[in-house]
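Q: Can you walk me through this one? I have the sequence and the coordinates open.

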Amino acid sequence: MTGISPAVVAASKLGLTFQTNDGPVQALSNVDLTIGKGEFVSFIGPSGCGKTTLLRVIADLEKPTSGTISVNGMTAEQARGKRAYGYVFQAAALFPWRTIERNVALPLEIMGLSKAEQAERIKRTLDLVNLSGFEKKYPWQLSGGMQQRASIARALAFDADLLLMDEPFGALDEIVRDHLNEQLLELWGRTNKTICFVTHSIPEAVYLSTRIVVMSPRPGRVSDVIESTLPKERPLDIRETPEFLAIAARVRDGLRAGHSYDD
Amino acid sequence: MDSFRDKLVPVTSILAGVVVLWYVFAVILNAPFQRDLDSRANETPGAVEFIGKTLAQPKPTLPAPHQVAVNFFENTFLRPITSSRSLVYNAWVTLSSTLLGFAFGTALGIIIAVGIVHVATLDRSLMPWIIASQTIPILAVAPMIIVVLAAIGITGLIPKAMISTYLSFFPVTVGMVKGLRSPEIMHLDLMHTYNASASQTFWKLRVPASVPFLFTSMKVAVAASLVGAIVGELPTGAVAGIGAKLLAGAYYSQSIDIWSALVAGSIVAALLVMVVGIAGRIVDRAMGGRPA
């Protein structure tokens with residue numbers, strides 16, 4: 001497996017059962033999925049469908065109870081050890097006692113990079129998310145959208161090829177969200193990273209992704225995978241085109257087929 | 001300073017109320033002895049004169065506020081601070097063992113908390129003992145500590161400081177265990193995704209997250225430390241210190257001395273808590289705390 005491995009993420013017959021006080025809960029069941037380099041894959045589904053759990057399994061924050069998962073051709077644990085991915089949480093999760101630049105520096109300090117290298121990367125990633133000039137600010141001095149951008153900068157700072165994002169814009173208002181979606185696409189186009197993106201917004205998933213993985217609950221499973229036919233260049237108003245609406249309709253159908261609207 | 005002005009009025013009105021009550025009780029409590037004196041001297045003073053006398057006894061049951069204030073002023077400002085009757089000198093003696101005990105107590109509290117947070121066995125085995133240690137009355141333990149340490153040749157500052165340590169480590173331990181466990185799951189997950197080592201997680205996440213908890217518990221600890229130092233002076237037959245003043249005052253029924261020593265102790269306590277509070281605020285500001 002050390003040779004050429006085109007798949008960045010490969011899951012096969014993946015399952016995860018949580019033992020709770022109310023008995024076992026099947027969070028993931030029989031997930032087969034391969035994600036290639038440079039793809040932008042969204043996971044969409046109602047709450048409880050296991051989309052966040054799947055992302056956490058890729059990140060080695062949860063251990064699967066059956067099946068296999070590989071990241072960059074290694075086990076998830078080895079990949080985490082090699083810092084193969086950057087992870088963006090639902091909230092910015094910045095350390096309140098660190099300035100924005102010290103927050104971005106956190107993973108770099110942990111990796112033991114030199115001060116000069118840290119400074120160079122901080123500057124580059126803050127430029128990338130348009131936060132230059134806010135280096136010395138503390139998180140509370142920034143708006144929610146800016147905080148989330150800082151947390152994306154932090155995830156980009158250590159230059160992993162894989163970016164795992166768990167509803168990063170879920171807590172933001174729609175105007176900020178549109179703006180960040182545009183910026184994220186631009187960033188993805190420039191850096192050629194592989195992105196796994198969890199969302200519960202159909203327009204967001206269709207707008208961003210090259211592939212949309214529709215998931216459904218009880219047990220959490222993949223119910224449909226939809227390839228996007230949209231071009232790589234996507235202005236915001238692409239969301240009014242018939243092509244976009246057709247894909248959105250397919251995603252909605254996929255969710256319905258998975259009984260996601262049942263209750 | 002607005003908050004200061006907002007507090008000024010309620011605090012002064014409470015203080016005025018306390019002073020008035022204090023005078024009322026001084027008259028009531030000192031009256032029987034004064035009546036006794038008057039009847040023996042065959043005097044029948046009028047009401048105003050009688051009240052004046054109850055507030056001017058040399059060894060009153062309850063000294064009047066102005067008697068305490070005068071005594072406090074004389075013993076604080078009019079005596080050379082090297083005099084054994086100076087409250088400044090006595091407060092300094094108590095303060096030095098308070099600070100030493102507080103430093104030991106804080107260090108011990110932090111060390112125990114780190115152990116409890118990182119070693120599961122300590123978490124289960126140590127905590128009940130720590131809680132039990134605080135249920136033992138310190139007045140019973142203090143003489144034993146003093147006597148045992150004196151037997152092995154340790155006297156003076158250290159035994160008193162140890163009693164302060166005994167009282168002050170507990171709030172720090174409890175506060176720091178909470179503080180070191182205060183990071184959110186998300187922050188811990190974040191460190192996990194960086195493959196951070198336990199010591200990196202400790203220094204970069206747990207320690208900074210625990211700082212506000214440390215200062216809150218240190219405020220409680222420093223006050224407890226002062227109580228420990230005073231209690232430590234009682235059984236030693238200490239010649240100096242606020243505790244020694246209290247004891248001497250009790251021996252010779254110098255109630256005014258007792259009260260002014262109490263005032264000195266309260267002022268020292270208030271200053272200590274204030275200093276810790278200010279230090280906490282400075283650290284908070286340096287760590288990017290939001291101005292209140």
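A: Sure. One term up front: helices and strands here are DSSP runs, of at least four residues for a helix and at least two for a strand, numbered from the N terminus. Also, this is a predicted model.

Q: Fine. How many helices and strands does chain A have?
A: Chain A has 8 helices and 10 strands.

Q: And what does chain B have?
A: Chain B has 11 helices and 0 strands. Read from the N terminus, its elements go α-α-α-α-α-α-α-α-α-α-α.

Q: Is chain B compact or spread out?
A: Chain B is more spread out than a compact globule, because its radius of gyration is 24 Å, well over the 19 Å that the globule rule gives for 292 residues. Its C-alpha trace spans about 90 × 55 × 35 Å along the principal axes.

Q: What about the radius of gyration of chain A?
A: That one agrees with the rule. Chain A has 18 Å, and a compact globule of 263 residues would be near 18 Å. The C-alpha trace of chain A spans about 50 × 40 × 40 Å along its principal axes.

Q: How much of chain A is buried?
A: Buried residues are 47% of the 263 in chain A. In chain B, 34% of the 292 residues count as buried. The cut-off for buried is 20 or more other C-beta atoms within 10 Å.

Q: Which share of the contacts in chain A is long-range, 24 or more positions apart?
A: Take the contacts in chain A with a separation of 6 or more. Residues 24 or more positions apart account for 70% of them. For chain B, counting contacts between residues at least 6 apart, 77% join residues at least 24 apart.

Q: Switching to the interface. How many residues does each chain put into the contact?
A: Chain A gives 17 residues and chain B gives 15 residues.

Q: Which helices of chain A are involved there?
A: α2 (76–81) and α3 (100–111) of chain A each supply at least two residues to the side that touches chain B. The largest share of that side, 3 residues, comes from α3(A).

Q: What is that side made of, by class?
A: The side of chain A that touches chain B has 13 nonpolar, 2 polar and 2 charged residues.

Q: Stay on α3(A). How does it cross α4(A)?
A: The axes of α3(A) and α4(A) (residues 115–128) come within 10 Å and cross at roughly 120 degrees. The two helices are therefore oblique to each other. The crossing of α3(A) past α4(A) is right-handed.

Q: Which residues make that contact?
A: From α3(A), Glu101(A), Val104(A), Ala105(A) and Leu108(A). From α4(A), Gln118(A), Arg121(A), Ile122(A), Thr125(A) and Leu126(A). By class, the contact of α3(A) with α4(A) has 5 nonpolar, 2 polar and 2 charged residues.

Q: Got a helix pair in chain B too? At what angle do α4 and α10 of chain B pack?
A: Helix α4 (residues 87–118) and helix α10 (residues 242–251) of chain B pack at about 125 degrees, with axes 7 Å apart. So α4(B) is oblique to α10(B).

Q: Who meets whom in α4(B) and α10(B)?
A: Asn90(B), Ala91(B) and Thr94(B) of α4(B) meet Ile242(B), Gly243(B), Ala244(B) and Lys245(B) of α10(B). By class, the contact of α4(B) with α10(B) has 3 nonpolar, 3 polar and 1 charged residues.

Q: Now backbone oddities. Where is the cis peptide bond?
A: A cis peptide bond joins Arg218(A) and Pro219(A), with omega about -10 degrees. Pro219(A) sits in the loop between β9 (211–216) and β10 (221–227) of chain A.

Q: What is phi at Arg218(A)?
A: Near 50 degrees, a positive value in a residue other than glycine. Most residues other than glycine have a negative phi, and most peptide bonds are trans. Arg218(A) counts as partly exposed, because 16 C-beta neighbours lie inside 10 Å.

Q: And what is phi at Asn30(A)?
A: Phi of Asn30(A) is near 55 degrees, also a positive value in a residue other than glycine. Asn30(A) is in strand β2 (residues 23–36) of chain A. Asn30(A) is partly exposed, with 16 other C-beta atoms within 10 Å.

Q: Last one. Is Leu21(B) buried or exposed?
A: Leu21(B) is exposed, because 10 other C-beta atoms lie within 10 Å, and the cut-off for exposed is 12 or fewer. Leu21(B) is in helix α1 (residues 2–40) of chain B. Its C-alpha atom is separated by 61 Å from that of Ser197(B), 176 residues apart along the chain.

Conventions:
Residues are numbered from 1 along each chain as its sequence is written. Chains are lettered from A and ligands numbered from 1 in the order in which they are written. This is a predicted model: local features need pLDDT of at least 70, side-chain atom pairs count only at pLDDT 80 or more; totals for chains, interfaces and linings use all residues. The radius of gyration is taken over C-alpha atoms; the globule rule is 2.2 Å times the number of residues to the power 0.38. Two residues are in contact if their C-beta atoms, placed from the backbone, lie within 7 Å. Ala, Val, Leu, Ile, Met, Phe, Trp, Tyr, Cys and Pro count as nonpolar, Asp, Glu, Lys and Arg as charged, and the others, Gly among them, as polar. Axes are lines fitted to C-alpha atoms, for helices over the stretch in contact, and angles run from 0 to 180 degrees between N-to-C directions. Angles under 35 degrees count as roughly parallel, over 145 as roughly antiparallel, 65 to 115 as roughly perpendicular and the rest as oblique. A crossing is left-handed if the near helix is turned anticlockwise from the far one by less than a right angle, and right-handed if clockwise.
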